[in-house]
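Grab a pencil and get ready to trace some strands. Try each task yourself before reading its solution.

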Amino acid sequence: MKKTTIIIAGLIAALCFHSWKVQADDLPRLSPDCLENRKNRDLEYNKALMKDIIAGLKLDIDDQSYTEVTDRGLDATHMIYGGKEIDEVYQSLQQQFIVASRGKPALFVRPAEAYLLYKQPDNTNVAVHLKLNNFKWEVVEKKKEKGNAINYKLLKCEKEYLKEKKEYYNKD
């Protein structure tokens, strides 16, 4: 009796897993070209945001005097240099990235000084001026000013994907 129950349960499980796999194969997906185009669009969008923030707040930030660091770059650097669990320098910078923003916040760093730049959802440009003091980054000044709206445009392939996805989930 036990063997029969186990065999029947196994067959039912196999049929369920097979139907899930068939359903997963039918899900709409973005093409590799679309993913690449999306990545390029996002890079250009973030560059436009940073350009608007730097110009709007009249900051003296350029490629020669500052190095741009993203949150992922900061995480990678932390791991390369040991990834210590308690690292006040890293943690004091990482917590600055926890903001609501359009696009990705960017950190511009030079020795013992940094600016975190981001655009709030209401298009307010924000610059957080940081200085390194006793192995901890501290906020020295925070500038805010209304910025220009930078449009984020969906690609044609993304619009098609969203349409296919909606149709897929609406069919019963």
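Here come three exercises with worked solutions, all based on a predicted model.

**Exercise 1.** Work out the order of the strands in the open sheet, and find which strands stand at the edges.

*Solution.* Start with β1 (residues 67–69): this strand pairs with β2 (residues 102–110) through 3 bridges, in the antiparallel sense. Next, β2 is joined to β3 (residues 113–119) by 6 bridges, again antiparallel. Then β3 pairs with β4 (residues 124–132) over 7 bridges, antiparallel too. Put together, the order of the 5 strands is β1-β2-β3-β4-β5. The edges are β1 and β5 (137–146): each has a single partner strand, so one side of each lacks a neighbour in the sheet. On average, neighbouring strands here are turned by 20° against each other, direction ignored.

**Exercise 2.** Follow the bridge partners of L107, then look at the hairpin of β2 and β3.

*Solution.* First look towards β1: V69 stands opposite L107 of β2. Now look towards β3, where L107 has L116 as its bridge partner. Another pair, one strand further on, is Y115 with H129 in β4. Finally, go to the hairpin: 2 residues lie between β2 and β3, and A112 takes a positive phi near 65°.

**Exercise 3.** Which strands does helix α2 lie across, and at what angle does the helix run to β2?

*Solution.* Find α2 at residues 32–56. From there, check the strands the helix crosses: β2, β3, β4 and β5. Last, compare directions: α2 runs at about 60° to β2.

How values were computed:
Residues are numbered from 1 along each chain as its sequence is written. This is a predicted model: local features need pLDDT of at least 70, side-chain atom pairs count only at pLDDT 80 or more; totals for chains, interfaces and linings use all residues. Side-chain values use heavy atoms; hydrogens and water are left out. Two strands pair if DSSP finds at least two bridges between them. Helices (H or I, at least four residues) and strands (E, at least two) are DSSP runs, numbered from the N terminus. Axes are lines fitted to C-alpha atoms, for helices over the stretch in contact, and angles run from 0 to 180 degrees between N-to-C directions. Contact means heavy atoms within 4.5 Å.
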